[in-house]
Amino acid sequence: MNLSANEAERDTGASSALTLFADEGLPFPPVPTALASALQVQGRAWFATRPVASSPYDFHHFLDEVETQPDVADYAVVGFDGHGTNSWAVHFYLVGQGLALFIKLPWGGAYLEPEPARAHITEVFDWAAALLSHLQRAESAGKIPPGMRLHVAASRFDYAGWRWVAAGQNAAETPWNPAGGMRAAVLQELEAVITGRALAGGSTPQGPMT
């Protein structure tokens, strides 16, 4: 089957993104297939499925957007961005009907130890894949109320935390669960939701992800 011009452009974007991560010796983040095929070049080393008003290093821009525009269309952002000598990161942002996930981890800085950083990135992307699988199970079982979205911020530069935000709820006033032990806590929360437990509350975020 021949690709249209637009389809070929999208395919080139996705292929380029995969190549970029492979060249860095990093796994590709678990972008859902429908969004991965829509990735297009947006910056020197990052890709998105739609035009965005900020580069991915501006973590708070994307958090603020999903707070103030909860009906934003599904999108993904992946790639590398930063500034200066050591302020560089790998990014994986994914916003969908039931999830707003923002991952920003050190990569590419002049003083970064690459092997420990690569191992950590791999661990976090594996966790993100597990999170997506758990959330899909919960949604398929009808355990997530319509309009409910799981917000997850996972940054080593900014802050980290997680929370549920219901339809019509003021996200800016919704507290976050803390960063400590967040990866395990989120998966445990979703397991509990799948088995029928009520959704948990939150508390104030406590600094960057560990």
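**Reading the pockets, strands and cores**

Me: I see that the largest pocket of this predicted model is lined by 13 residues, and that Pro32, Gly96, Gln97, Leu132 and Glu139 are the ones nearest its centre. How much space lies in the largest pocket?

Reply: The general idea is that rolling a probe the size of a water molecule over the atoms shows where empty space is left. In this case, the space in the largest pocket comes to about 270 Å³.

Me: Which elements supply at least two residues of the lining of the largest pocket, and what classes of residue does the lining have?

Reply: Two elements reach that number, namely strand 4, which covers residues 87-95, and helix 4, which covers residues 114-140. Helix 4 provides the largest share of the lining, with four residues. Sorted by class, the lining has seven nonpolar residues, four polar ones and two charged ones.

Me: What is the volume of the second largest pocket, and which residues lie nearest its centre?

Reply: The second largest pocket has a volume of about 170 Å³. Its lining is made of 13 residues, and Pro70, Gly147, Arg149, Val165 and Ala166 are those that lie nearest the centre. Two or more lining residues come from each of helix 3 (59-68) and strand 6 (149-155). By class, the lining of this second pocket divides into six nonpolar, five polar and two charged residues.

Me: Let me return to strand 4, which helps to line the largest pocket. Is strand 4 mostly covered or mostly uncovered?

Reply: Strand 4 is mostly covered, since seven of its nine residues are buried.

Me: How many bridges join strand 3 to strand 4, and how many join strand 4 to strand 5?

Reply: Reading a pairing begins with the bridges and the direction of the strands. Strand 3, residues 75-83, is joined to strand 4 by nine bridges, and the two run antiparallel. One of the bridges pairs His83 with Ser87 of strand 4. Three residues lie between the strands of this hairpin, where Gly84 takes a positive phi near 70 degrees. On strand 5, residues 99-106, seven bridges connect to strand 4, again with the strands running antiparallel. Here Ala89 has Pro106 of strand 5 as its bridge partner, and strand 4 and strand 5 also form a hairpin, with three residues between them.

Me: How should I read the largest nonpolar core, and which of its residues touch the most other members?

Reply: In soluble globular proteins, nonpolar side chains tend to be buried together. Here the largest nonpolar core has 45 residues, and Ile103 and Trp127 touch the most other members. Helix 4 gives the most to this core, contributing 10 residues. A second core, separate from it, has 17 residues, among them Val52, Tyr75, Val77 and Ala100.

Me: Why does Trp127 count as buried, and which residues does Trp127 touch?

Reply: Residues count as buried when they fall under 20% relative accessible area, and Trp127 counts as buried because its relative accessibility is 5%. Trp127 is found in helix 4. Leaving aside residues up to four places away in sequence, Trp127 touches Leu101, Ile103, Val152, Ala154, Met182, Arg183, Val186 and Leu187. One of these contacts spans a stretch of chain, for Trp127 and Val186 are 59 residues apart along the chain, while their C-alpha atoms are separated by 9.8 Å.

Definitions and conventions. Residues numbered from 1 in each chain as written. Predicted model: local features only at pLDDT ≥ 70, side-chain atom pairs only at ≥ 80, totals over all residues. Heavy atoms only, no water. 1 Å grid on protein atoms, 1.4 Å probe; cavity = no way out; pocket = protein on both sides within 12 Å on 5 of 7 lines; lining within 4 Å. Points joined across faces, edges and corners; volume = space filled by probe spheres on them. Nonpolar A, V, L, I, M, F, W, Y, C, P; charged D, E, K, R; others polar. Buried < 20%, exposed > 50% of the residue type's maximum accessible area, 1.4 Å probe, protein only. Pairing = 2+ DSSP bridges. Core = buried A, V, L, I, M, F, W, Y, C linked by side-chain atoms within 4.5 Å. Contact = heavy atoms within 4.5 Å.
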